[in-house]
Amino acid sequence: MPDKLTLINITKTFPHFSLKVSLAVKDGEFFSLLGPSGSGKTTLLHIIGGFVAPDNGRILKNEIDITYLPADKRNIGIVFQDYALFPYLTVYGNIAFGLKIKKGISKKEIDRKVREVAETFGIAKILNKYPDMISGGEKQRTALARAIIVKPDVLLMDEPLSSLDAKIREKLMDELKKFHKEFGVTIIYVTHDQNEAMFLSDRVALINNGQIDQISTPLELYEHPKTPFARSFIGKMNVLHIQGKTIYVREENVKIKKSGKYRGIVEKIFYQGSTAEIFINTDFGTVKALDFLRNIRQLKIGQSVYFDFEEVLNGNS
Ligand SMILES: Nc1ncnc2c1ncn2[C@@H]1O[C@H](COP(=O)(O)OP(=O)(O)O)[C@@H](O)[C@H]1O
Ligand SMILES: [Mg+2]
């Protein structure tokens, strides 16, 4: 299958930051750019969308060079991080906007399409409201409806759920996944949240300091992180120095037992609902163990415990 979107040696340099990226996204793929704040995710997304010009490199869409095409000619939709809804237009007006500027589409046809997409995203009842009268989740849905109504080849989304509370975020993640399955649109999704990236994506590109660190499926990224950055960024990892060696152990692979190879003192227990993180003070620093609350009810601060590592990631894993 040919690539839907290809970035070839795209570079962009700011006074204190530089970006250098090559990657290829497949047709219909849900592709995430995952990285910490300041790693260049938004800059890269804006380069793809045509809002920021790269210094060098080429962008291909359906194998055609679009590097110098203006944003409104690319047929690439974008949901901006702050949604960027037009405050002086109603939800209806916001969703209809892209169709209205397209010319040649009748009012009746626009109306039918707006109502259809509003139905899909559960916002049919708020079409007459203005953006300042609706909730964060509704704004998110409106921005998505506005981007999707023109049937873009590629949909870009910049941290679309980051300003929403946990419950609504979970619901929208679910909806987004269903929406992607149903419509099959190619999505490039920017997030700093690994859970979102893991749940939603076909593939994840880990980005660090303006460079792609690793591109793989979510499972592959979790089980076989290839670089020191991937190892420390994905999951909850202990980076330990024992007998002159650096080893990586996921917190869920530290098992507290009646007897074991290592020993330490329980320093702190950080409860997180159904799970808890146990900080164990050892000769080689603090080791964190993650376990279900029901398994560690008896533990007390100051108590001496034994533990083992169930699985260790080394440099080549
Ligand atoms: N227009 C600009 N001028 C100068 N520096 C910029 C500009 N846009 C972004 N940057 C810098 O580029 C880096 C990456 O920013 P950004 O792409 O917004 O990262 P992210 O979205 O991953 O948080 C940051 O250090 C930011 O300060
Ligand atoms: Mg950003």
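Which helix gives the largest share of the shell around ligand 1? Keep that in mind for a moment, everyone, and thanks for coming. One thing before we start: this is a predicted model.

The answer is helix α1, residues 41-49, which contributes three residues to that shell. The full list around ligand 1 is F14, F17, G35, S37, G38, S39, G40, K41, T42 and T43. If you sort those by class, you get two nonpolar, seven polar and one charged residues.

Now let's step back to the whole chain. There are eight helices and 17 strands. The C-alpha atoms fill a box of roughly 75 × 45 × 40 Å along the principal axes. Of the 317 residues, 33% count as buried. And if you take the contacts with a separation of 6 or more, 61% of them are between residues 24 or more positions apart.

Let me show you two residues in strand β1, which covers residues 3-14. Start with L5, found in that strand. Buried or exposed? L5 counts as buried, because it has 24 C-beta neighbours inside 10 Å. Setting aside residues up to four places away in sequence, L5 touches V25, K61, V154 and T186. There is also a pair to look at here: L5 and D65 are 60 residues apart in sequence, yet their C-alpha atoms are 9.8 Å apart in space.

The second residue is K12, also in strand β1. Which class does this lysine fall in, buried or exposed? K12 is buried, because the cut-off is 20 or more other C-beta atoms within 10 Å and K12 has 21. Beyond its neighbours within four places in sequence, K12 is in contact with S18, L19, T43, I47, V52, P54 and D55. Please note T43 in that list: its C-alpha atom is 8.4 Å from that of K12, with their positions 31 residues apart along the chain. T43 is also one of the residues around ligand 1.

On to the cores. In soluble globular proteins, nonpolar side chains tend to be buried together. Here the largest nonpolar core has 56 residues, and I95, L156 and I188 touch the most other members. Take I188: leaving aside neighbours within four places in sequence, its contacts are V25, F31, L33, L45, I48, V154 and L156. A second, separate core has eleven residues, V249, V287, A289 and F309 among them. You have met V25 and V154 already, since L5 touches both.

I95 brings us to helix α2, residues 91-100, where the buried residues are V91, Y92, N94, I95, A96 and L99. What do they pack against? The buried residues of α2 pack against α3, residues 107-120, and α4, residues 136-148.

Last stop is an open sheet of five strands. Their order is β13-β17-β14-β15-β16, with antiparallel pairing. β13 (254-257) and β16 (285-292) are at the edges with a single partner strand each, so one side of each has no neighbour in the sheet. From one strand to the next, the twist averages 45 degrees.

Let's walk across from β13. This strand pairs with β17, residues 304-309, in the antiparallel sense over four bridges. V254 stands opposite F309 in β17, and K257 has Y306 as its bridge partner there. F309, by the way, is included in that second core.

In a regular strand the side chains alternate between the two faces of the sheet. You can follow that along β13: V254 and I256 point to one face and are buried, while K255 and K257 point to the other and are not.

Next comes β14, residues 262-271, joined to β17 by four bridges and running antiparallel to it. Here Y262 sits opposite F307 of β17. β14 also has six bridges to β15, residues 275-282, again antiparallel, with K268 and F279 as bridge partners. The hairpin of β14 and β15 has three residues between the strands, and G273 takes a positive phi near 100 degrees in it.

So, back to our opening question: helix α1 gives the largest share of the shell around ligand 1. Thanks for listening!

Notes
Residues numbered from 1 in each chain as written. Chains lettered and ligands numbered in written order. Predicted model: local features only at pLDDT ≥ 70, side-chain atom pairs only at ≥ 80, totals over all residues. Pairing = 2+ DSSP bridges. Axes fitted to C-alpha atoms, helices over the stretch in contact; angles between N-to-C directions. Buried ≥ 20, exposed ≤ 12 C-beta atoms within 10 Å, placed from the backbone. Contact = placed C-beta atoms within 7 Å. Near = placed C-beta within 6 Å. Nonpolar A, V, L, I, M, F, W, Y, C, P; charged D, E, K, R; others polar. Core = buried A, V, L, I, M, F, W, Y, C linked by C-beta atoms within 7 Å.
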